[in-house]
Amino acid sequence: MRDAATIPIASPQETPWKLPYRGTVGMACLIVAESAIFVIFVVAYIFYMGKSLTGPTPMQVLELPIFGTICLLSSSITVHFAVAALRKGKLRGCTGWTAGTVLLGSIFLITTGREWYHLIYDEGLTIQTNLFGTTYYSLVGLHATHVVVGLIMLSLVLGFSLFGLVKEEHSEKLETLSLYWHFVDAVWVVVFTVVYVLGR
Amino acid sequence: MSTTHVVDGIDETLTPQQSRPPLSVVYEWLTTVDHKKIGLMYIGLALIFLVVGGVEAVLMRIQLAIPNNHFVSPQAFNQLFTMHGTTMIFFVAMPVLFGWGNYLVPLMIGARDMAFPRLNAFSFWVSAFAGVLLYFSYVGASGLYAAGSAPDVGWFAYAPLTAKVFSPGHSTDYWTLAVFLSGIGSIGTALNIVTTIICMRCKGMKMSRMPLLVWLYLVMSGLVFVTISPLTAAQIMLTMDRYLGAHFFDTQAGGSAVLWMHFFWIFGHPEVYVLILPSFAFINEIVPVFSRKAIFGYPAMVAASVGIGFISLSVWAHHMFTVGMGAAANTFFVFATMVISVPTGIKIFNWLATIWGGKVIFATPMLFCIGFLFQFLIAGLTGIMLGSAPFDWQLGNSYFVVAHFHYVIVGGILFALFAAFYYWYPKVTGRMMSETLGKWHFWLFVIGFHLTFDFMHIPGLLGMPRRIYTYEAGRGWEGWNMIVGIGTIFQTAGLLCFVFNLVWSYFKGKEAGHDPWDAWTLEWSTTSPPPDYNFASLPAVNSRRPLWDLKHPEDPDSDYE
């Protein structure tokens, strides 16, 4: 070690040196980047609204997915409770709330799947049909992809916690995951507004 | 009065490395998650692609040196300019800047690694894979249709040229996937840099005390999220158009080719700032050290950088004046483009004020910085010219545009990068680069640069469009193109000096010691090259120039900040 390596400090450090948790910041960055991707798809949807050269139009075929929306938005609340439970060390509560979140997310995914089945087989709308089909399937599909990713992660958490591997000290990590899930829900609010409210 | 240790980072118990079997060295580099090794691999990747992209540029200049030349075919020429642009932006500029960021940011903030080391390795390897994928197109892209080999749609790949009908085969898909994957890598590394800066600073390193390089990498990485992501989204759309029969950019089904332009340039223009901000970062560190003064106007520099970050998001359509967007849109984008020159001007004045009255040392890094200052200013001035819509209507898509953006990228970014190489090479290898070879490199490259890119403006003014593979004699373009071509000889010679210097100095260079430039930031407080853990004990800082405080305990910076 070198000597004379000391410098005077005018005033001693008063506050302890505490920086944010890296998971939270990393997830915030990811959310910003993902938001930019969604913005481009939403802009494309809005830009092509009503510009399809052939039918079917959104008015003719789309129905409000009220039930799926309620399920997805509620899952934001359940995942929040899961984090809160873990932070207090209530491991069983955490498992329960995580299971609820996975269930609600899966229900949402099933409603989307049923909607697509209806559109493809009953209404004959595919991604190739017209601009509405192109923008609709890509935007809703991009969101559904994010739901699938979130569900995989949450299922992993559920699996780990069923084996008793999720502990109180993991609460920050679960909170990071919950941030992602809240983001997926928030995107759905935008998609719902654009596709099902404004777009019709 | 309490005390803090700055140079405790130097671990003098280190023993020289034993020589090991080559396979174990290779294995170590392939599996490493160390930010310094990943940074160096990024830089190495970029240097390889710099040679490839440079060869493509030379081939194009040979083709254009005289009229009616048949050195390469028109098809090959289209592939050359597409590959040259894509390579230089995505596989040279981005990796080399991320490489230096990876190497320097943790050292400068007194951290032992990045926030997510494994994500860091992933980002690097996915970028490297993307580069290989792009060049694999030369052998792999003919596909079942036996049409096309390398991508030939231009680096901005305007619709509808990229539609399946007009670009059969797989060449465009190689371009799309390579750019998409490189984007994933860029977002990963940017995320890592931001998180590292926010969460890993050493004790006392408040945001207001970070070196300006760190600030600029923070702004640059933040910009990457909102810049690269739109391109990623657009590539997804293009792939859906080509493979799923979607109609995003299919004008026959009501789609819009102009929408692609918007999506591309929403990426494309801020991307220029993604590249230039780290270049500013290098200048910010090097100019004060070689002027023997603290940087002038630190808060103004930070504010100007953040300002550039925001304003750069609102200027993209100045690439599209010739499309016909209407008076209102044109006016807005002209105005925004003029506004962005204000924070940039603030920076130039601050660098000049830093040099002013300093004891300037004209070592090679400083020479490149001075070159940068002049050339970046001229590049900015032609930028203002092209940023005025009526002027752009005359010269859009001409060689004047090509000359302008090469002035930014070569005269600005590349010169700053050379400065960075000469400045931090001693830290990376423990040896100084040769000053003699460095001066040869500088002067050859300056002469070559000005021959090529000053004179490239003139055929542009005379109406020579970009991307033509040849031209007929008698238009007044031939002499100018010959001069432009001769310039590349000097640039190549300069570059050879540089590469030779890199290799020679590694073995024969003068021992550097831990702080050869008498500098002030934390990376100089540890050994050269730094150990895997960077600092034996984490440093604590008290001002923006911790090593100044250390060397001048009687007059520390902390008294003035």
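**Close-up views of a predicted two-chain model**

**Figure 1. Helix 3 of chain B, end to end.** With 35 residues (74–108) at 1.5 Å each, helix 3 of chain B should span 51 Å, and its end C-alpha atoms sit 49 Å apart, so the two values agree. Bear in mind that everything shown here comes from a predicted model. Helix 3 of chain B still has a bend of about 35°, found at B:T87. Is this helix mostly covered or mostly uncovered? Mostly covered: 29 of the 35 residues in helix 3 of chain B are buried. After the helix comes B:G110, a residue with a positive phi, near 70°.

**Figure 2. Helix 4 of chain B and what it packs against.** Here's the same length check for another helix: 24 residues at 1.5 Å a residue should give helix 4 of chain B a span of 34 Å, and the 33 Å between its end C-alpha atoms agrees with that. Where does helix 4 of chain B bend? Look at B:L134, where the bend comes to about 30°. B:L134 is also one of the buried residues of this helix, a list that includes B:N120, B:S123, B:F124, B:G131 and B:S137. The buried residues of helix 4 pack against helix 2, helix 3 and helix 5, which belong to chain B as well.

**Figure 3. The loop between helix 4 and helix 5 of chain B.** Two residues to pick out in this loop are B:A157 and B:P160. Helix 4 covers residues 117–140 and helix 5 covers 171–199. B:A157 isn't a glycine, yet its phi is positive, near 45°. Is B:A157 buried or exposed? It has 23 other C-beta atoms within 10 Å, and the cut-off for buried is 20 or more, so B:A157 counts as buried. For B:P160, check the peptide bond that joins B:A159 to it: that bond is cis, with omega near 0°.

**Figure 4. B:N69 and a partner from far along the chain.** B:N69 sits in the loop between helix 2 (35–65) and helix 3 of chain B. Which residues does B:N69 contact, once its neighbours within four places in sequence are left aside? They are B:Q63 and B:T470. Have a look at B:Y471 too: 402 residues separate B:N69 and B:Y471 along the chain, but their C-alpha atoms are 8.2 Å apart. B:N69 is partly exposed because it has 14 other C-beta atoms within 10 Å, a count between the limits of 12 or fewer for exposed and 20 or more for buried.

**Figure 5. B:R467, another non-glycine with a positive phi.** B:R467 has a phi of about 70°, a positive value, although it is not a glycine. You'll find B:R467 in the loop between helix 13 (435–461) and helix 14 (478–508) of chain B. With 13 C-beta neighbours inside 10 Å, B:R467 counts as partly exposed.

**Figure 6. Inside the largest nonpolar core.** This core has 210 residues, and the ones that touch the most other members are B:V214, B:L216, B:I286 and B:A419. Which helix gives the most to the core? That's helix 12 of chain B (residues 399–429), with 22 residues. Another core lies apart from this one; it has 7 residues, among them B:A57, B:L64, B:F77 and B:A150. Back in the largest core, zoom in on B:L216: setting aside residues up to four places away in sequence, it touches B:L277, B:P278, B:F280, B:A281, B:N284 and B:S305.

**Figure 7. Chain A and its cis proline.** Chain A has 6 helices and 1 strand, with the strand coming ahead of the helices in the pattern β-α-α-α-α-α-α. Its radius of gyration is 22 Å, while a compact globule of 200 residues would be near 16 Å. The C-alpha atoms of chain A fill a box of roughly 80 × 40 × 25 Å along the principal axes, and 38% of its 200 residues are buried. For the close-up, go to A:P56, in the loop between helix 1 (22–47) and helix 2 (58–61) of chain A. The peptide bond from A:G55 to A:P56 is cis, with omega near -5°.

**Figure 8. Confidence, and the start of chain B.** The model scores ipTM 0.92 and pTM 0.94. Chain B has a mean pLDDT of 92, with 95% of its residues at 70 or more. Take residues 1–5 of chain B with caution: their pLDDT is below 50, though this stretch has 18 contacts in the model beyond near neighbours in sequence.

Key:
Residues numbered from 1 in each chain as written. Chains lettered and ligands numbered in written order. Predicted model: local features only at pLDDT ≥ 70, side-chain atom pairs only at ≥ 80, totals over all residues. Helix = DSSP H or I, 4+ residues; strand = E, 2+ residues; numbered from the N terminus. Rg over C-alpha atoms; globule rule 2.2 N^0.38 Å. Core = buried A, V, L, I, M, F, W, Y, C linked by C-beta atoms within 7 Å. Contact = placed C-beta atoms within 7 Å. Expected span 1.5 Å × (residues − 1). Bend = angle between axes of the 7 residues up to and from the residue. pLDDT = per-residue confidence, 0-100.
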